[in-house]
Amino acid sequence: MKKKKQSRIIMEILGIILALIWLSPFYLMIVNSFKTKREMFEDTLKLPDVFSFENYTVAFERLDFIKTFFNSVLITVLAVAVIIIFSSMAAYALSRRGGKASGIIFMLFVAAMLIPFQSVMIPLVSIFGKLEMLNRGGLIFMYLGFGASLSIFLYHGTLSGIPKSLDEAATIDGANRFQIFWHIIFPMLKPVSVTVAILNIIWIWNDYLLPSLVINQQGMETIPLKMFFFFGEYTKQWHLALAGLTIAIIPVIIIYFFLQKQIIKGVSEGSVK
């Protein structure tokens, strides 16, 4: 008993140390977002002389935050909705069909997670440019392509644990495939759907590279794109950029805080089953 108690205490101490290390970048970001430009270069660890929200006000105005925030929300919500709908249907088809063909297709989706974006970046932009899809619609379609692999993997693991007898019983009652999936199976996928949503929200919300290649119209920028407003050839306004970043991450933190139990449950179901 003593050994178990000691090991538990050691694990708790290690957990606290790791948590402090993980939280240290957030501490630096928030503390330095209140500083003036002069204070930033003096000592990044020191607390500011005066806690003023002036940096937040300036960052909010220069980012045109309301419009930029709307752009980010629109792209993120639509992209995540499309990923959830198509990935869940694809995983359902693959899990229920069975056979070698379904297994090969599923493995191809899993293998696609290993392909780095940089290796397909140039041909992707070239093809979408020829199709005149370098816009919001094209960006959402790209997010579907890059987000589907992990999402299908998670959905497939959960669906493997749902007995096929449910489908058979619904078929006997006269339901078709569409009704079986949306009225019976999909509601049972709520935990993993929340997990898929959060993982993709965090990725899409913070993504800079893909929108920078696709969105070329002024006024259509997302928050990460607009953040480059604070970095020029001769000046770097870190105090304003950090204030803007602090504002930008608040929505994601709030969503994650309320849905963290569902996320853990969804990941465990999708990976274990």
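This passage looks at aromatic ring pairs and a nonpolar surface patch in a predicted model.

Aromatic contacts come first. The structure holds 17 aromatic pairs. One of them joins Tyr92 and Phe181, whose rings sit 5.1 Å centre to centre with 45° between the planes, a tilted arrangement. Tyr92 belongs to helix α4 (residues 65-97) and Phe181 to helix α9 (residues 177-188), so this contact ties together parts that are 89 residues apart in sequence. Tyr92 and Phe181 are both buried. The two also turn up in a ring cluster, where ring pairs link them with Phe178, Trp182 and Phe186.

A second pair brings Phe117 and Phe146 together. Here the ring centres are 5.2 Å apart and the planes stand at 75°, so the geometry counts as edge-to-face. Phe117 is part of helix α6 (residues 117-130) and Phe146 is part of helix α7 (residues 136-159), so the pair ties together parts that are 29 residues apart in sequence. As for exposure, Phe117 has a relative accessible area of 17% and is buried, because the cut-off for that label is under 20%. Phe146, at 31% relative accessibility, counts as partly exposed.

Now for the surface. Ile9, Ile10, Met11, Ile13, Leu14, Ile17, Leu18 and Ile21 make up a nonpolar patch there, and together they offer about 780 Å² of accessible area. One of these residues, Leu14, is found in helix α1 (residues 2-33). Leu14 has a relative accessibility of 44%, so it counts as partly exposed.

Note on methods. Residues are numbered from 1 along each chain as its sequence is written. This is a predicted model: local features need pLDDT of at least 70, side-chain atom pairs count only at pLDDT 80 or more; totals for chains, interfaces and linings use all residues. Side-chain values use heavy atoms; hydrogens and water are left out. Rings of Phe, Tyr and Trp (its six-membered ring) pair if their centres lie within 6.5 Å; planes under 30 degrees apart count as stacked, over 60 as edge-to-face and the rest as tilted. Helices (H or I, at least four residues) and strands (E, at least two) are DSSP runs, numbered from the N terminus. Buried means under 20% relative accessible area, exposed over 50%, partly exposed in between (1.4 Å probe, protein chains only). Patches are made of residues with over 30% relative accessible area and no salt bridge: like charges are joined within 9 Å, nonpolar side chains (Val, Leu, Ile, Met, Phe, Trp, Tyr) within 5 Å. Accessible areas come from the Shrake-Rupley method with a 1.4 Å probe; for residues, only the protein chains shown count as cover. A salt bridge is a side-chain nitrogen of Lys or Arg within 4 Å of a carboxyl oxygen of Asp or Glu.
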